[in-house]
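Reader: Could you take me through the aromatic rings in this one, with a close look at a single pair and its surroundings?

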Amino acid sequence: MPTYSLYIINMLICKRCITMKKEGLNKVFPKLNKQQLGEAWNSINWRKCQRHVDRLQRSIALATERKEGKKVRKLGKILYESEAWKLICIRRVTQDNQGKKTAGVDRIKLRPPDQRMDLVGKLNDGIERKWSPVRQVEIAKKNGKIRTLGIPTIKDRIYQAKLKGIIEPCYEVIAEPNSYGFRPMRSTKDAIEQIFLGLRHKKEAWVLEGDLKGFFDNIKTEAIVNNPIIAGDDEIVATIKNLVKSGAVTVNQERIDTEIGTPQGGIISPLLANIAFTGMETMINEWVWDNRQRTGQKSKRNKPVQVIVYADDFVVIAKERWIIEELKDVISDWCIEKMGVELSQEKTHITNVEDGFDFLGCNIRKYKINDTKNKTLIKPSKGSIKSIKLKIKDICKSGGGLTQDVLIGKLNPVIRGWANYHCSNVAKEVFKSIDNYVFERLWKWATKRHKNKGKAWISNKYWYKEGNRNWVFKTKEHSVYNMASTKITRHAKIKSEHHIFDGQDEYWIKRRYINMTGKKTRKETCVIKQKFCCNSCKELFKHDSVMELDHIIPKSCGGTASMKNLQVLHRHCHDIKTRNDGSNKRYKKV
């Protein structure tokens, strides 16, 4: 590769490009063509960039903990203007993100490395800027209603990612301990486990299942910008107000104005929604303490009411029904006053735990063992079971013309993904029933495919014996995943006081090992074998790293699918390897 390409990369990271242009030194180097720009992009030292960004974000979090507002703003500005952070944001939006092929109102999609490299010098706006309107896209919800997404332009997505990098470390410091939605290294399983911990020592309990109506579309801007982590920085306040008022282009290509809300589909939207919703747990704890003579709270450490929040859904647990009924009105008034959002009457219910309730695809219920004892069990909800069966049915029904290998390839991610989601619940019997359903759908698929053949011929063609199982739908290389083989293991809940910017690297690495128990996928096996490091750049996989399974010797070059020939790489590292190992004929070897 030409040396001047590497030199230009070093100048980008060291912030010397602008100086060179002013002094006319860029004339020394010839204009780069597409191939050279692509080579320059692939030569970036991502490990160096990531370490620089991690150090700045941890410093921002530490300054927030110490309430050093001036230092937070200074470090935020340094991070925003950092070339390393700009390069990482461009990579995430145009290379790592699944929505990279989706265009905004300008209909521009940036994918090739030369276009990414060319974009680096064009993104020089400050924190306060004007935003393009979002392109609205309608998708169907489970209940039959329509959800509207707002797709920003590529440039706006990159600027949103840059802005998120400043705000997120501050939010993680001040975030409430039992908020789990849209937060790094926190999941639905943590929220479900917290509900279990809140119920296990209560013989009787009442639950408020809450949901906010049109949460993202109706949030007041003041609820976001009045938060202490935002209010102290005039530039961030101004840019968030501009973002909210940027408008949208509807499906019918009509331009509309927006005054409130944060559109679903933007990179920063979930974070802004979390910031707006911050404070409900604190408000409830204060209400319970103020009414301690009635609620029975003896000290501030002893909390008779538990609150668990996931995005716009929340659960409140208390011993007595009257507490829940009063809290429902208190929460409703608080949401309207602070955020301008109402509770959804359809989805907000007061339930006794003995009757059970559904939350995040799980059914939580206390079952009586005898007159004095009961037990809390968490199982897959009926709605979740119905949903997985419908997906399996659609794949088999629409796959009449598919080969057996392709059909297995479509079914396995759906079956394994659902099993892994519920592997920490009481789900063994449900797994067996779904395995039976999968067999029924596959039998229908096979008999419809061979109408003139007998049952014995069909079973001998598609089903084989494997170990102790006699009916395994398989080919020479692949077989349908057996959901009943999934090991049920208790999920280790995250410690509430920890966040990803606290510098506790050992804790976060251990958490990856703790919850990777039971039967592992090939990707998980490779990740553990590699000690959570990318085999290409040798950098640790982070919480937001996009990982891909790679054949060391490509299949097209004679490689096999054995574990010895598999490794896990970052997506951007995988892209570079694919261009160079001869497996993709579209690219010439560099």
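Author: Here's a walk through the ring pairs, with two charge-over-ring contacts at the end. First the housekeeping: the model is predicted, so local features need pLDDT of at least 70 and side-chain atom pairs count only at pLDDT 80 or more, while totals for chains, interfaces and linings use all residues. Residues are numbered from 1 along each chain as its sequence is written, and side-chain values use heavy atoms, leaving out hydrogens and water.

Rings of Phe, Tyr and Trp (its six-membered ring) pair if their centres lie within 6.5 Å; planes under 30 degrees apart count as stacked, over 60 as edge-to-face and the rest as tilted. That rule gives 19 aromatic pairs. Take Tyr-462 and Phe-473: they're stacked, at 5.9 Å centre to centre with 20° between the planes. This pair joins distant parts of the chain, 11 residues apart, with Tyr-462 in helix α21 (residues 455-462) and Phe-473 in strand β13 (residues 469-473). Helices (H or I, at least four residues) and strands (E, at least two) are DSSP runs, numbered from the N terminus.

Tyr-462 has 4% relative accessibility, so it counts as buried, and Phe-473, at 3%, is buried too. Buried means under 20% relative accessible area, exposed over 50% and partly exposed in between (1.4 Å probe, protein chains only). Both rings belong to a cluster linked by ring pairs, along with Phe-439, Trp-443, Trp-445, Trp-463 and Trp-471.

Now the charges. One sits over a ring if NZ of Lys or CZ of Arg is within 6 Å of the ring centre and within 35 degrees of the ring normal. Lys-162 has its charged end over Tyr-80, 4.3 Å from the ring centre, and Arg-292 lies over the face of Trp-289 at 4.2 Å.
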